[in-house]
Amino acid sequence: MILDRTISPNFKTIDEVNIASIQTIVLANGIPLHIVNVGEQPVMKLEVSFEAGGWFDYPNNGVSHFTAKMLSEGTANHSSSKISEFFDLFGAFTEFGHGLDRANVVVYGLTKHLSSLLPMILEIINESVFPQRELDNLKNISLQTLKVNLEKNAFVANQVFRKDVFGAQHPYGNSLRAEDIQSINRDDLIKFYNNRWKNQPCRIFLSGKISDAEIKLIETFFGNHQIAKSDISSKVLPETDYNSQDKILVEKENAVQSSIRMGRKLFKRSHPDYFKMLLLNETLGGYFGSRLMKNIREEKGFTYGISSNVAPFARDGYFIIGTDVKKEFTQQTIDEIYKEIKKLQTELVSESELETVKNYMIGAFAGSLNTPFEIIDRYKVILGEDLPLDFYQNYISNIRQVSAPEILEMANQYLSEGSLLEVVVGGK
Amino acid sequence: MISYEHFVLNNGLKVYVHQDHSTPFAAVNIIYNVGSRDEDEQKTGFAHLFEHLMFGGSKNIPSYDTPLQKVGGENNAFTSPDITNYYITLPAVNLETAFWLESDRMMSLSFDPRVLEVQQKVVIEEFKQRYLNQPYGDVWLKLRPLAYKNHPYKWATIGKEISHIENATLDDVRNFFYTHYLPNNAIMVVAGNVTLEQVKQLSKKWFEPIPAGKTKARNLPKEPVQTEARFLETEAKVPLNALYKAYHMPGRHEEHFHAHDFLSDILGRSKSSRFYNKLIKEQHLFNSVNAYVTSSLDPGLLIIQGNLNQGVSIAEGDAAVQDVLDEILLNPVQEEELLKVKNQAESTLVFSEVELLNRAMNMAFAANSGNIDLVNQESAKIQAVTVEEVAEVAKNVLRKDNCSTLYYQAVN
């Protein structure tokens with residue numbers, strides 16, 4: 001029999017996904033330890049996470065960032081070079097992550113080295129000394145890296161966009177400027193460190209091939225020191241209803257492309273419209289087969305890529321459409337984006353397209369739970385944003401439930417005419 | 001350790017199967033043994049442009065992406081100087097969809113002129129976005145022809161110039177397809193929640209009807225030994241001066257590759273490297289500095305690159321780099337220094353095997369280089385390197401007459 005290649009094979013939809021469960025232990029001093037034990041490779045990731053991100057340094061923008069980055073630049077017993085050498089010798093990789101909400105120390109390594117690594121990890125967190133010389137060096141490096149970044153249109157466009165969505169004063173809206181970096185001083189960092197890091201409450205996430213022995217180690221190293229009572233309460237910023245609809249153009253004469261960013265302030269994952277908005281976003285620009293990608297890239301060839309995103313954080317969120325396009329087609333691209341939005345506001349998404357979008361989203365979601373690190377990151381979101389523990393167990397059914405009329409409703413409610421901010425870096 | 005089974009179809013397609021029943025997913029990775037090194041010098045950038053066309057519909061399937069998205073799958077591809085690689089991850093229950101899609105485009109593309117026209121534009125925008133509209137984006141467009149005089153590594157995979165992409169014709173596309181996109185010029189790895197029997201049955205059903213073709217023996221011009229130092233100065237509107245140095249070294253599977261790799265790691269992989277300590281921490285000359293190897297299949301390059309601090313001349317930075325290089329020849333690498341980079345390499349290797357798709361790719365690369373067993377020999381090769389070997393390769397490779405130096409001057 002001749003094979004008919006025009007007919008696609010039968011397929012099955014995914015209706016549920018088994019996410020490895022998380023185990024939580026509270027250490028003697030009250031620190032919660034969360035564990036995901038998955039995988040065959042003898043590796044682990046240890047993350048110690050503090051309420052020490054950008055949210056907490058207002059009005060001294062940059063202090064939280066530099067505190068995190070300086071942790072490994074010297075302790076009472078070890079110089080910056082010795083600390084780097086130490087981790088490298090065990091083939092361990094460190095990250096000193098700084099986000100809008102939280103900051104963290106992350107160590108990846110072979111599980112067998114955990115016992116050797118722990119003393120240094122604890123030393124960095126609790127006995128960092130912030131040598132002036134290293135700080136000067138880091139400030140200098142940061143200033144010059146910033147200069148290079150400011151030459152990248154996409155970098156500038158993202159900065160301008162966030163500033164305009166949240167306002168220049170808002171911790172989600174501000175970004176590190178040269179003057180912020182210059183005014184960073186050691187005393188401010190030490191103060192922030194004492195208030196936010198040293199012996200402060202934290203969460204520990206341990207993932208990979210983990211046995212009782214590793215859990216015991218964490219209990220021994222992290223469970224016995226006294227946790228200080230933080231005397232600073234979580235700062236409450238006035239709720240701004242700031243949501244600009246500006247049209248901003250940053251001219252770059254020599255640019256051959258324009259970076260376009262359009263979008264608006266949106267909401268957190270706990271918002272009742274979250275899943276409906278995810279479906280709208282996916283259809284519009286969330287994947288390779290999206291309408292924007294088909295129109296702007298695959299039909300017109302204006303760009304290498306265009307996408308849209310729902311970006312939720314612990315305290316707020318935004319929606320963004322972004323692309324880098326041939327400069328001459330900047331305005332035409334913006335017009336086409338509005339046309340695609342208009343279509344979603346007036347015509348129901350067809351059953352077949354909706355099926356593709358949903359199946360793709362669900363497949364991508366299920367496929368992103370393959371490693372212990374990916375799984376624990378999902379739990380981090382749940383814990384960091386106070387979501388129900390079954391948030392991701394219900395993810396698939398929540399996506400399945402969204403209907404075409406709801407997508408249309410979302411498009412009208414959130415993307416109505418005049419509600420989007422436009423940023424262009426390059427030219428029109 | 002990655003376990004695998006192997007069979008070959010009648011048309012020469014080599015298939016490798018890696019079973020992992022702990023995941024509900026499968027990965028299908030197809031590598032075609034063609035890269036930008038196989039291009040005509042007057043038609044560069046073609047292998048990569050062609051990769052884009054592979055998504056523009058095949059003979060019996062008008063859209064490649066939509067049917068895959070419909071069954072919950074994801075895919076992508078990349079082109080390098082050596083190979084072109086296509087990969088899919090999807091729920092293992094829908095494995096057959098991957099076979100249907102991949103076999104149809106291996107059999108024949110749609111050769112739709114409209115697809116070529118649009119993808120030419122898309123690739124030109126990619127060229128601009130990555131290589132022209134970025135600070136230092138054009139470095140490799142300049143460094144490659146400086147370091148390579150004969151071998152096709154002298155042009156970048158994106159292409160030598162935009163006009164080459166603009167001038168591509170449908171005849172070029174057809175020729176390229178029937179020369180290189182043959183079952184006997186490809187390797188398929190199927191990994192995840194699959195069985196050998198299932199993969200055999202699906203491979204026979206979907207791939208075996210594709211006729212084998214005549215492969216051309218690869219006969220690339222060899223790069224002659226460099227005998228004098230090369231130098232190029234260029235300028236652009238960037239904030240900081242930058243220095244690039246490229247030294248010829250062996251290819252990925254040639255003798256002493258790992259010793260060269262470790263030499264570059266010791267010089268400039270991480271914050272405890274010699275460059276970082278000397279040039280950033282002690283002397284405050286550089287803002288960033290790294291050393292790494294290109295890992296190409298034919299003889300590659302050991303690269304040193306760094307951005308200088310404001311007010312530091314490139315010549316001053318270059319001299320300081322040279323001092324560190326002289327130092328490593330005088331005071332060879334110590335056991336502990338080597339142990340450190342070995343441990344980093346070992347750890348990187350183990351982490352690279354956490355993801356199913358990465359395991360599939362590692363297997364495909366090894367098989368494409370002629371020996372699948374290489375995928376499980378990395379660890380032994382890492383451990384076999386000695387300080388004496390590193391000292392020896394340092395002496396051979398870090399010679400001024402083996403070096404191409406690029407000064408990238410910042411202008412306002």
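This passage describes the annotated regions, the domain and chain interfaces, and the salt bridges of a predicted model.

We can begin with chain A, where the UniProt record offers two signposts. An unreviewed UniProt entry places the feature "domain: Peptidase M16 N-terminal" at residues 44–160 of chain A. In the model, 49% of this span is helix and 18% is strand, and the C-alpha atoms at its two ends are 38 Å apart. Further along, UniProt (again an unreviewed entry) lists a "coiled-coil region" at residues 327–354 of chain A. Helix accounts for 75% of residues 327–354 and strand for 0%, with 33 Å between the end C-alpha atoms.

Chain B can be read through its domains. The domain assignment divides chain B into domain 1, covering 5–206, and domain 2, covering 230–410. Their contact draws on 35 residues of domain 1 of chain B and 36 residues of domain 2 of chain B. The centres of these two domains, taken over C-alpha atoms, are separated by 29 Å. Together, domain 1 and domain 2 of chain B bury about 3,000 Å², and carbon and sulfur atoms make up 73% of that area.

Polar and charged pairs also span this domain interface. Between domain 1 and domain 2 of chain B there are 14 residue pairs in polar contact, counting pairs with both residues at pLDDT 80 or more. On the side of domain 1 of chain B that touches domain 2, the elements giving two or more residues are β2 (14–19), β3 (25–32), β5 (84–91), α5 (139–147) and β6 (186–192) of chain B. Of these, α5(B) gives the most, with 6 residues. Sorted by class, this side of domain 1 of chain B has 21 nonpolar, 8 polar and 6 charged residues. The interface between domain 1 and domain 2 of chain B also holds 2 salt bridges. In chain B, Asp298(B) and Arg37(B) form a salt bridge through their side chains, at an N to O distance of 3.0 Å.

The next interface lies between the two chains. Here 72 residues of chain A and 70 residues of chain B take part in the contact. The area buried between chain A and chain B is about 6,100 Å², with 55% of it contributed by carbon and sulfur atoms. Three residues of chain A deserve a closer look: Arg5(A), Leu89(A) and Tyr304(A) supply 14% of the area that chain A buries against chain B, more than any other three residues.

Between chain A and chain B, 37 residue pairs are in polar contact, with both residues of each pair at pLDDT 80 or more. The side of chain A that touches chain B comprises 27 nonpolar, 26 polar and 19 charged residues. Salt bridges between chain A and chain B number 5. Glu73(A) and Lys281(B) pair in a salt bridge of their side chains, with N and O 3.0 Å apart.

Over all chains, the count comes to 46 salt bridges. One within chain A joins Asp15(A) to Arg400(A), whose closest N and O atoms lie 4.0 Å apart. Because Asp15(A) sits in the segment before β1 (23–26) of chain A and Arg400(A) belongs to helix α14 (residues 395–401) of chain A, this pair ties together parts that are 385 residues apart in sequence.

Conventions. Residues are numbered from 1 along each chain as its sequence is written. Chains are lettered from A and ligands numbered from 1 in the order in which they are written. Side-chain values use heavy atoms; hydrogens and water are left out. UniProt positions are given in the numbering used here, feature names are shortened, and annotations may be inferred rather than shown by experiment. Helices (H or I, at least four residues) and strands (E, at least two) are DSSP runs, numbered from the N terminus. Domain bounds come from an automatic or database domain assignment. Contact means heavy atoms within 4.5 Å. Buried area is the accessible area (1.4 Å probe) that two parts lose on being put together, summed over both. A polar contact is a pair of N or O atoms within 3.5 Å; within protein, one must be able to donate a hydrogen and the other to accept it, and residues adjacent in sequence count only if both atoms are side-chain atoms. Ala, Val, Leu, Ile, Met, Phe, Trp, Tyr, Cys and Pro count as nonpolar, Asp, Glu, Lys and Arg as charged, and the others, Gly among them, as polar.
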